[in-house]
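Thanks for coming, everyone. I'll put the structure up and walk through it piece by piece.

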Amino acid sequence: MVASTPFWWEAAPPVALPSRDVLPRCDVVIVGAGYTGLSAGLTLARAGRHVQIFDKLRPGEGASTRNGGIASGNLRPSYSQMVAKFGADRADALQLEAKAAREDLADFIRAEGIDCDFQLTGRFTGAANASEYDGLARDADALRTKLGIEAHAVPRSEQRGVLGTDFYCGGMVRADIGGLHPAKFHRGMLEAAEKSGGIVHGQTAVLGFMPKNGGFEVETQRGRVQTDHVLVGTNGYADSSDRWLRRRLVPVRSRIIATAPLSNNLMSELMPKGVMCSETRKLHYYYRPSPDRTRILFGGRDGTIAGEPAWPTDSLKRALADIFPVLEGVDITHSWYGNVAMNRDMIPRIFSRDGMRYASGYCGSGVVWARWAGQKAAWQILADERGTSALDFRPPPAIPLFNGKPWFLPAVFAWLTLQDRIGRARRG
Ligand SMILES: Cc1cc2nc3c(=O)[nH]c(=O)nc-3n(C[C@H](O)[C@H](O)[C@H](O)COP(=O)(O)OP(=O)(O)OC[C@H]3O[C@@H](n4cnc5c(N)ncnc54)[C@H](O)[C@@H]3O)c2cc1C
């Protein structure tokens, strides 16, 4: 039997919090109790604000306890793409902020004493072809010289020293990316937010907002709240309570499979350095060892928009065996999915609309970004100068012919799969 719940929930399942009265008045209402909402709530509560955080599911049951736990703080567009779109100053500021956000995550985990198996393992990115290997080698140079990040190219002849596969045409290792246990991390954040005085209401949906008395009246499933500020941290789970947002963020299913425990010898052969892994294919996969290094957790786009058919699990199993042929037919114990949120320019952002603040669009890299953006958004509400951020953008534009249901994704998925197949056939 393959469990459809996250492997991470074995050690840290989401908790159904005891029901507390919804208070009719508070300083800030936060929608969503994932990393974004909890980080904002913690920052605001520690600054003495009266905060209520609402989640329609059990807190963390969105992406924050389902993800791969790879603490990358990725920016999807390349540096040159960002320069072309936003100018060199903004592109530099975004890269510097990603570096600061990664470092701040490690400091935060240490300072809060969160037991979440965080380890700065480094990350290997595998090149799908020779020209992408050249690009990765250039990226490694730029990371070292511009940002002072330890990074180096790994030619194919040396690849097996990092990852037990000949699948890639070499790759790049950078030292500033690590991994954590996402559900334990979320649990630590939840405890910190509650201890600091933030009130978290699980299984209580926010149904709508209305400007009132210079602030907002928020309608929830269990009563109305008058508040000065609203912060929305719903990311890939935005629903019809905010139709405006739903037309701007595309929820994309991402799926992870977990292998059954593998022998020590096999794990040492396949993942000798225990690094986090990604690759340059268009429909790329991300993978890692479990924190105890007994299993491989292997993730990629799910490709569906409804139901839970078996084929995405089979397709991930095939992709895993393409990279590690010795894992052909390996037992899979867990296969689960969650939603990531993409916006049109693929840059995480903090923005406002009619006085309401939003932090979202992490494009599958929210372990670093969501906590950071939640904290920044909270500082902005507090008018604290630390709230200044390169992620401050105008709201993402609405996506034509889209009202929250990503009907076009199966076609996009098929197109990217085809391009990767052609690329691989050419590579021979
Ligand atoms: C399978 C998978 C793998 C991933 N792997 C990685 C990875 O390795 N590294 C990485 O950096 N990122 C990864 N991510 C992305 C990362 O998990 C997210 O970016 C991050 O968790 C977003 O946090 P969040 O708090 O903004 O949103 P979420 O954790 O998704 O929380 C949003 C919450 O809003 C709630 N909500 C929505 N509407 C309402 C409403 N009306 N009222 C009340 N509550 C509402 C939802 O119930 C949900 O709990 C992955 C995501 C998935 C799904």
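M346 sits in the loop between strand 16 and strand 17 (349–353). Helices here (H or I, at least four residues) and strands (E, at least two) are DSSP runs, numbered from the N terminus. This is a predicted model: local features need pLDDT of at least 70, side-chain atom pairs count only at pLDDT 80 or more, and totals for chains, interfaces and linings use all residues. Residues are numbered from 1 along each chain as its sequence is written, and side-chain values use heavy atoms, with hydrogens and water left out.

Back to M346. Its phi is near 60°, a positive value in a residue other than glycine. Most residues other than glycine have a negative phi. M346 is partly exposed, with a relative accessible area of 25%. On the terms: buried means under 20% relative accessible area, exposed over 50%, and partly exposed in between, with a 1.4 Å probe and protein chains only.

There is another residue of this kind. R293 lies in the loop between strand 14 and strand 15. The phi of R293 is also positive, near 60°, and R293 is not a glycine. R293 is partly exposed, at a relative accessible area of 35%.

Now the strands on either side of that loop. Strand 14 (residues 286–289) pairs with strand 15 in the antiparallel sense, over 4 bridges. Pairing means that DSSP finds at least two bridges between the two strands. Which residue of strand 15 is the bridge partner of R288? The partner is L297. The two strands form a hairpin with 6 residues between them, and R293 is in the turn.

Strand 15 has a second neighbour. Strand 12 pairs with strand 15, again antiparallel, over 5 bridges. Here A258 stands opposite L297. So L297 turns up in both pairings, opposite A258 and as partner of R288. How many of the 6 residues of strand 15 (residues 296–301) are buried? The count is 6 of the 6, so strand 15 is largely enclosed by the rest of the structure.

One more hairpin. Strand 9 (residues 206–212) and strand 10 (residues 215–220) pair in the antiparallel sense over 6 bridges. G208 stands opposite E219 in strand 10. This hairpin has 2 residues between its strands. N213, in the turn, has a positive phi of about 50°.

Next, helix 1. Helix 1 covers residues 35–46, which makes 12 residues. Its end C-alpha atoms are 16 Å apart, and 16 Å is what 1.5 Å a residue predicts, so the two agree. The expected span is 1.5 Å times one less than the number of residues. Of the 12 residues, 11 are buried, so helix 1 is largely enclosed by the rest of the structure. Among the buried ones are Y35, T36 and G37. G48 follows helix 1 and has a positive phi, near 90°.

Look at L38, which is found in helix 1. L38 is buried, with a relative accessible area of 0%. The C-alpha atoms of L38 and Q375 are separated by 8.8 Å, with the two positions 337 residues apart along the chain.

On to helix 9. Helix 9 has 16 residues and reaches 21 Å from its first C-alpha to its last, close to the 22 Å expected. Helix 9 is mostly covered, with 16 of its 16 residues buried. A383 follows helix 9, and its phi is positive, near 55°.

Finally, the ligand. There are 38 residues around it. A residue counts as near if one of its heavy atoms lies within 4 Å. Which residues come nearest? They are T36, D55, S64, I70 and V367. The shell divides into 15 nonpolar, 19 polar and 4 charged residues. Ala, Val, Leu, Ile, Met, Phe, Trp, Tyr, Cys and Pro count as nonpolar, Asp, Glu, Lys and Arg as charged, and the others, Gly among them, as polar.

Now the distances. An oxygen atom of the ligand is 3.0 Å from a polar backbone atom of Y35. For G69, a polar backbone atom is 3.4 Å from a ligand oxygen. For S64, a side-chain N or O atom is 2.5 Å from an oxygen of the ligand. Taken alone, the ligand exposes 1000 Å², and the protein buries 99% of that. The elements giving two or more residues to the shell are helix 1, strand 12 (250–259), strand 16 (332–342) and helix 9 (366–381).

Technical notes:
A polar contact is a pair of N or O atoms within 3.5 Å; within protein, one must be able to donate a hydrogen and the other to accept it, and residues adjacent in sequence count only if both atoms are side-chain atoms. Accessible areas come from the Shrake-Rupley method with a 1.4 Å probe; for residues, only the protein chains shown count as cover.
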